[in-house]
Amino acid sequence: MILFVIDSVATYPQEKELFESNGYHVALVSSEAEAIAVLNQTDAVRLIIFDIRLDIKIIRNILSERSLPVVLFITNDSQHIADVDVIKVYGILPQHAPDFVALAILKNAIIQFKAYQQVLKQLAFPPNVTEILTKSNRLLRSVYQINQILLAYSTDDSVMTAICNVLVDDGSFKMAWIGLVDEQSRVVPKAVVGDTFNYVRNIQVYADDRPEGRGPIGIAIRTRKAAVVQDAMNDPRLTLWAAQRTKTSWNSSIAVPFRLYHKTDGVLVVYSHEVNFFSETEIAMLKTIASNFQLATERIAAERETKHQLVQKTALLKEVHHRTKNNIVAIESLLFLQIQKCTDEPAVEILHDAINRVKSMRSLYEHLLVSDDFS
């Protein structure tokens with residue numbers, strides 16, 4: 001069950017219908033009391049969507065009743081996201097987001113929450129809550145900004161560069177780059193941001209099982225699972241690139257694989273100067289970014305295929321209409337030729353009447369084709 005806490009139930013969110021049609025049950029409330037009443041009535045609530053226009057104290061009080069993942073609901077008149085740094089947020093849902101984006105945000109929020117809870121169970125000492133909130137919310141804003149970029153998808157190279165820029169500038173990572181696998185299995189950098197040491201351009205990385213493919217990047221692509229380096233100085237998988245590595249200042253990294261247009265393997269690689277930087281939360285969020293990028297490319301591919309089919313079918317339809325008009329004209333001509341050979345006046349009159357009827361059909365047909373509505 002999803003608990004949807006919205007500014008006013010009167011402004012019925014269309015997202016509720018989308019979630020329910022995809023198997024979620026949604027409880028719509030507009031006050032703290034209603035939300036807590038739902039939590040007291042059932043243990044089935046798995047996620048809270050919170051309208052940021054409401055007082056942030058409301059969600060803090062709700063979370064004091066039960067620990068649940070929170071996704072922020074952002075509308076055009078919402079306040080700035082920075083106002084919610086006092087709570088841990090697992091996703092940002094823009095109003096009227098495309099269906100695939102909205103569903104992915106919910107799914108990833110639940111996955112991230114489970115991962116975070118698992119980390120808390122394994123920690124020997126209580127975590128620094130303020131540090132965790134700052135770290136996760138900073139990366140969450142990056143996820144939100146990248147999702148906005150993906151909604152306005154233009155070209156592959158520009159989008160990949162924009163993603164890397166957000167991760168470095170707003171996510172505070174040391175470096176980020178995206179590479180695609182070419183026909184020789186080499187991982188070719190397509191967008192690189194923050195590489196002040198020219199590290200990426202000076203290394204050779206492959207996706208197959210040759211020595212240059214046995215590092216974290218090659219392993220991630222082959223296994224289709226994220227590969228994390230928590231201590232670059234002591235990770236044996238980086239031995240081959242040790243000389244280039246010692247010239248840089250990063251100490252941990254993650255390589256997250258994805259597929260571009262269902263056919264090309266790619267990888268998102270992000271670096272931090274901190275040792276042991278990547279917790280389950282950061283890993284889950286970066287997986288979300290790569291997953292959303294893959295979904296966006298699949299959407300673009302589907303749109304391109306739809307446009308291609310539309311062009312083909314439009315051309316075919318035009319040809320059908322052209323042949324139809326030609327056939328009508330051919331009938332007129334045949335009737336006219338028959339008149340030339342006919343000497344019987346009543347028959348000639350009947351043929352003229354038939355020609356006029358065919359002309360009327362042609363005129364009507366051409367008139368109907370002036371409209372773009374073929375129905």
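Me: Let's start with a definition: the expected span of a helix is 1.5 Å times one less than its number of residues, and helices (H or I, at least four residues) and strands (E, at least two) are DSSP runs, numbered from the N terminus. How do you know that the length of helix α10 agrees with this?

Reply: Helix α10 covers residues 345-369, which is 25 residues, so it should span 36 Å, and its end C-alpha atoms are indeed 36 Å apart. A word on the source: this is a predicted model, in which local features need pLDDT of at least 70, side-chain atom pairs count only at pLDDT 80 or more, and totals for chains, interfaces and linings use all residues. Residues are numbered from 1 along each chain as its sequence is written, and side-chain values use heavy atoms, with hydrogens and water left out.

Me: Thanks! Why is Thr288 called buried?

Reply: Buried means under 20% relative accessible area, exposed over 50%, partly exposed in between (1.4 Å probe, protein chains only). Thr288 has 5% relative accessibility, so it counts as buried. This residue is found in helix α9. Leaving aside neighbours within four places in sequence, Thr288 is in contact (heavy atoms within 4.5 Å) with Asn108, Gln112 and Val143.

Me: Which residues of α10 are buried, and what helps to cover them?

Reply: They are Val348, Leu351, Ile355, Val358 and Tyr365. The cover over the buried residues of α10 includes α9.

Me: What makes Phe173 and Phe277 an edge-to-face pair?

Reply: Rings of Phe, Tyr and Trp (its six-membered ring) pair if their centres lie within 6.5 Å; planes under 30 degrees apart count as stacked, over 60 as edge-to-face and the rest as tilted. The structure holds 10 aromatic pairs. For Phe173 and Phe277, the centres are 5.5 Å apart and the planes stand at 80 degrees, which is edge-to-face. Phe173 is in the loop between α6 (156-169) and β6 (175-181), Phe277 in the loop between β10 (264-272) and α9 (280-341), 104 residues apart. Both are buried, and together with Phe278 they form one aromatic cluster.

Me: And what makes Trp250 and Tyr271 a pair of that kind?

Reply: Their centres are 4.4 Å apart with 65 degrees between the planes, and the pair is edge-to-face. Trp250 lies in the loop between α8 (242-245) and β9 (252-260) and Tyr271 in strand β10, so the pair ties together parts that are 21 residues apart in sequence. Both Trp250 and Tyr271 are buried.

Me: How do you know that the charged end of Arg245 sits over the ring of Trp250?

Reply: The rule asks for NZ of Lys or CZ of Arg within 6 Å of the ring centre and within 35 degrees of the ring normal. The charged end of Arg245 sits over the Trp250 ring, 5.0 Å from its centre.
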